[in-house]
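Here is a short walk through a structure that may be new to you. Keep the chains in view as you read.

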Amino acid sequence: MRKYSVFALAREAMRAHTGWDRQWASPEPKADYDVIIVGGGGHGLATAYYLASQHGITNVAVLEKGWIGGGNTGRNTTIVRSNYLYDESAGLYDHSVKLWETLSQDINYNVMYSPRGVMMLAHNVHDVQVAKRHIHANRLNGVDNRWLTPEEAKDICPPLNISKTARYPVMGAAFQQRGGTARHDAVAWGYARAASDRGVHIIQNCAVTGVRRSGNGHVTGVETTRGFIGAKKVGVVAAGHTSVIMEMAGVRMPLESFPLQALVSEPVKPCFPCVVMSNTVHAYISQSDKGELVIGAGTDQYTSYSQTGGLHIINHTLDAICEMFPMFTRMKMLRSWGGIVDVTPDRSPILAKTPVPGLYVNCGWGTGGFKATPGSGHVFAHTIANDNPHPINAGFTLERFRSGRLIDEAAAAAVAH
Amino acid sequence: MSAAQKNRIAGKGRLNAAKPLRFSFDGKVMQGLEGDTLASALIANDIHLVGRSFKYHRPRGILAAGVEEPNALVQVKRDGARTEPNVRATVAEIYDGFAADSQNRWPSLEYDIGAVNDLASPFIPAGFYYKTFMWPAKAWAKLYEPNIRRAAGLGKAPIEADPDAYANRFAHCDVLVIGAGAAGLAAALAAAEAGASVMICDEQAGVGGALKFETSAMIDGQGGHDWAVATAAKLAAMDNVRLLTRTTAFAYQAQNMVCLVERITEHLATFNADTPRERVWQVRAKRVIIAAGAIERHMVFAENDRPGIMLASAARTFLNHYGVAVGRNVGVFTANDSAYHAAIDLKKAGVNVAAIVDWRDAPAGPAIEDARALGIEVIPGAGVISTGGRLRVSSMLVQAKAGGVSRLIPVDALLMSAGWTPSVHMYSQSRGRVVWDKETGRFLPGAYPQDAISVGACNGAISLSETIDQALAAGERFANEAGRMAKRTALKGGSAESFEGGVSGALLGADQGETVKAFVDFQNDVTAKDIKLAVREGMQSIEHVKRFTTNGMASDQGKTSNIHGLAIAAKALDREVPQVGLTTFRMPYTPVTFGALVGHARGKLFDPARHTPIHAAHVALGADFEDVGLWKRAWYYPRAGEDMHAAVNREVKTVREVGGMFDASTLGKIEVVGPDAAEFLDRMYTNPFKKLEPGRLRYGIMCREDGFIYDDGVVARIAEDRFHVTTTTGGAPRVMTMMEDYLQTEWPHLKVYLTSISEQWAVIALQGPKAREVLAQLVEGVDISAGALPHMSYREGRILGVPMRLFKMSFTGEAGFEINVPSDHGLAVWEALYARLTALGGCAYGTEAMHVLRAEKGYIIVGQDTDGTVTPDDAGLGWAVGKKKADFVGIRGMKRADLMRPGRKQLVGLLTKDPKVVLEEGAQIVETPNQPVPMTMIGHVTSSYWSENCGRSIAMALIAGGNDKMGKTIFVPMPDGVIEAEIVKPVFVDAEGGRVHG
Amino acid sequence: MLLIHCPYCGEERPEVEFRQSGEAHIARPQNMADITDEEFEAFFFLRDNPKGVTFERWRHVHGCARFFNAARDTVTDKILMTYKAGLPKPDITLPEKTLALTVDPGVSGRSLLPGDAK
């Protein structure tokens, strides 16, 4: 792999950039692999990269039904943070943030991790209680997160409306400085390039149509639109399509897939310095390096694989944004899109072995998977390589729904009174 | 005609020379005419330099005459707050006093420091930022990113709140027609005359579409544009038609819901403050006719972006509609016939046409003959390989396709046409899959997933007669399908012009060489070379190519660039276009103002505020309010000189010493009626209800099937078959929904009716030693003496002559009542009680005092002391779970292994070692304070207050194994030190519980 | 925004009047207290989440407030039919080109059998 650097750029500038290699190879699939990863999104590609780089398992194929990074990796609002309440979540997401901090250097690809700060607004007494509970738990877990008064919040984010007469006045905010954004496409491409360089096969336009198992139930490979491909182990990292793939292996999942829409404004000069999220007013916003306001909120109400949702959801999202930032009503929506998010009953992911020997699953990231991409790939690779979870993902099992040992981040923010 | 408008051609165009108006650009005041766009007015004043490109800051002019404009973006400034970035000059209609500035340049449009990027362009090809700015690691966020951000972006976001209003309407119709060009008008006319209810919209200020420039068009014996104006007038006069101009169909949603945005005031110099600036129409149409036309593509050759280089149809529109010549010595570079008509029209208007360079080897036909007959030189089989000029094009360099000597031809404008791209945006948004027509190199609509059809140029029609035929047939058919067949419409239309043919992709080595810049996407500065680079780096899907190069991702959304990008990528990959990727479009068709989508949902209408029937009394008492869900609840009642702390201290003390009253009207209330009502509640709540006697109350806990606490409340048995159930304030809707769900779908055989009565009853909690004395003065027909009305009883009677449901209960630990009266009487009853209570020294107390009082007794608040992971046992409420019941919601969930596990977090009380220290709610608890981070947390503080009644702080907490740790010391590490506290039972006042019986 | 035919009101109304309420035809076990952990997991947590025809519950919350069922294609989001709670799961095979079709099977009245209405 040719190293990317300012010097390489300068050298290539002299010859019209004709010397760049393909970022990742597109080989024909082999007859079999040690590990097949189903799903070429960020999490799947990261898993393949860490299998190769951390565990020396390079006989790996990533199968992608479309183009890599074309699912939720390329459709999210790129927010990175780790200020989760429970020890298990804080451990997993902060592991990820630590990897984000050096990811560009690790994979020699600028993923533009931008720790510009994530501000989560509190609009009522209950929000304040929940925010402080998070802040204190984060502090004792070594995760940065601090309380801001409304005035301090406005100092950091000047467009914020902190008027006492707002419908839901801002009572303060939790602020994680290490939170921020990263460049979503770069994450997929950077991991693909680094994995490909280590021998991983990245095979696009290859949809999995079946999971083959031996007499003793162990996975032996997958049927695909390009024929059968054998594998000793299969990791399913298929996001919204996880239920569909797992059903091929006879496993019914605690998942539902919902459309999640997002939008960007036209690009403008820098006007929004951090990420702001509000659960009560219900929207989140940041500004991309290109200048677009990047905006999202909740899912549509029905399950769907259409990557399309209703305009009324977008309307409500913008209602919320313009309530918090009344100067933005004259901005214009440039693009909108939808992804398919797989949601678990406790809103926490599943990163685990399955009842099928040799089959592993990484799913259930709901609306917040992008931030976890490096950490998720890292511990999932460990789980596959060792047939045993990493301590960081040990709690994120499939069995927790049976035992009741949930990691219920959503419940922890329960509406009061 | 003003001398300043040097390019305005007398006798051309449709604007009225007698209606001049003033406008300014970059502070320079100029004159235009009523009906001008900023673009036409600037060109009239011989200004082509309008903006700078996004990345290289190259000087840019006006490419188009419509919404596809990528270059001429300006900041419109009506006043301080009313400013809008990235407005297309080709769309902005000027009014007297209109002002706009150029964007993305410093210090000026003519001399822009950022243009250094253009010199550095060899170092910053597509995707360069992925390959550098990685050293040192921290520098990205600190140094590189801020600089990139400053350089990027175009216009500036407003910084003041928007004073304008926006509106929203819903509409239904038989037929919605998108576009009011020849196709749309003909289709609408056919549908309307057949009797259908029709809506027709067009994004432009006037109707006509391409008829604005297509001068040879004749319809129904009239000139095309005259026919369009007359037809629009005819349609507008029909009762069954709504014609909307300046109205863009931007979203095609499920089941034929099409969303339009109508621009109402932006083109006006003055307007009423309450007139909406824009209005979104959500139209549910039985049938949709898409008549969106086609968009001309530019030619991709080196240096194709200088100001003065524009689409041929744009030049023709400026001439034929606005009466403006785009130059005095123009060149043309085309691959089809349609650009010839621009040359012919300009020549006839007195503009010199330097040459028509035709990519085709042997162009022939009437258009070519006409051009030659006018003395225009036609250079076939050749292309423009470069251009000259800095802030405006000054020459074109022409070379035969076969190579050889190139020829420099001076020009002051260069018109291009690579062909016409059908506007399949709305079709694609309707979830249709476009089909690649290899022969003509176009994407056309395929099968229709919804009840819609495309007609005219967006459906691939290349002549006016074909367009009219398609449109009439569609209009008639859709009207008939809606059951309307009043009249058939006949129209004949035709034109000598054809819109077929063209090329896609880069021409004559425009994708070669080291410094060649042949722009595909002007705004994002994407060149043909960039697309080839993307392919070389392994981007094989058009989606990867787009994302890597940002081609088609600018504010024009690739209207002119997408097909070129596809063609270049396909050629580089040696594949057919559809194998590289199909074009799919998502809403919006053009950028849509946030405010229009928000509509009325701003400020007070963002979310309705709920007020109790007693709200006015709280306002009169000077209460401060807190938001609880949609409710505004009285939080505390500060008196002169009191802060919140002092007010709450007074309120809680007064309640225990004298008495207090509290507005509990926000509680959810459900009446459960029917012979099986008790059986139903027995199943819904963990508690048993069948044996509850009429006239008695019971505290109930509701779980979900998972066994965690979902809601709680007091249930009154009013009669054998009738219960009055209360829920938490926030839980009211979800509890009602859950009850209905079980009743309707699990136990439909139970004879029960549920009625939400939350809004029917105002509730006043009257608590404290004097409560009975106060109440006794006002009630009739009910004996409220201690012996007759024990704690947890229910009676009906009258108070002040109005019906009353009286709950003898307490959420304070004092003897108390909750008095339910019909909402309309709530305020009067409150005021009567208040007068008598305060005469005895009592007071009103708010939600904060309520919280302190209940915490002093250890009563939980669902959602504060529980969080969806707490079982009844965890909360110390195991007694409320009916052990003998065969079934209830949650019975199985709470028996799962983890919910039965010893050492779960249990609700306990906490007393800080230092009684003055009040713990922070949400603070985390550890067993040993001197651990390294990450610490092992055993729980957290759920409720914590200064208790004036106890003279010290009190708290409740969920602590792992808390019930077994009574008397133990725990630690709360805070940033400024560790707080020690002792685990106690969560009862801090009247542990024996005698006071409630007082 | 979907248009949904409420089988109780007999009208097609916009989606905002309705709340989707999860997968249909998952009946609460009659012997709830006695089921195994696996059965409880299957009842409360596991879902088909199909790509294709799904059977789901809706409530006409801003209308008649009744719960009913719908068959919907999760690829196109088209509602194939809606039917009253308590009616059996219809046998639906997707035609080549699915059409927006909402039919009321015309059975009225509440099911009186416990448990089969979901």
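The paragraphs below go from a chain contact to a core, a sheet and a loop.

This is a predicted model. Start where chain A meets chain B. The contact draws 89 residues from chain B and 81 residues from chain A. On chain B's side, helix α3 (residues 139-151) gives the most, with six residues. Sorted by class, that side of chain B holds 41 nonpolar, 24 polar and 24 charged residues.

The two chains also pair through strands. Strand β16 (residues 332-343) of chain A pairs with strand β32 (residues 592-593) of chain B. The pairing is antiparallel and spans two bridges. One residue to find here is Lys332(A), whose bridge partner in β32(B) is Thr593(B).

Now turn to the largest nonpolar core. This core has 477 residues. Which of them touch the most other members? They are Val175(B) and Ala187(B). Helix α4 (residues 182-193) of chain B gives the most to this core, with 10 residues. Chain A takes part too. Its domain 1 (22-82 + 84-88 + 183-254 + 346-413) and domain 2 (118-177 + 257-343) both give residues to the core, so the core lies between them. In soluble globular proteins, nonpolar side chains tend to be buried together.

Stay with Ala187(B) for a moment. Leaving aside residues up to four places away in sequence, Ala187(B) touches Val177(B), Ile289(B), Ala291(B), Val455(B), Ala471(B), Ala474(B) and Gly475(B).

Chain C offers a sheet to trace. Four strands form an open sheet in the order β3-β4-β5-β6, with antiparallel pairing. Which strands stand at the edges? They are β3 (19-23) and β6 (79-84) of chain C. Each has a single partner strand, so one side of each is left without a neighbour in the sheet. From one strand to the next, the twist averages 30 degrees.

Look at one end of that order. The strand β3(C) is joined by three bridges to strand β4 (residues 53-59) of chain C, and the two run antiparallel. Within this pair, Gln20(C) stands opposite Trp58(C) of β4(C).

Finish at a loop in chain B. Lys691(B) lies between α18 (677-684) and β37 (697-703) of chain B. Is Lys691(B) buried or exposed? Lys691(B) has 10 other C-beta atoms within 10 Å. A residue counts as exposed at 12 or fewer, so Lys691(B) is exposed. Ala678(B) is 13 residues from Lys691(B) along the chain, and their C-alpha atoms are separated by 8.4 Å.

Terms used:
Residues numbered from 1 in each chain as written. Chains lettered and ligands numbered in written order. Predicted model: local features only at pLDDT ≥ 70, side-chain atom pairs only at ≥ 80, totals over all residues. Contact = placed C-beta atoms within 7 Å. Nonpolar A, V, L, I, M, F, W, Y, C, P; charged D, E, K, R; others polar. Pairing = 2+ DSSP bridges. Core = buried A, V, L, I, M, F, W, Y, C linked by C-beta atoms within 7 Å. Buried ≥ 20, exposed ≤ 12 C-beta atoms within 10 Å, placed from the backbone. Domains from an automatic or database assignment. Axes fitted to C-alpha atoms, helices over the stretch in contact; angles between N-to-C directions.
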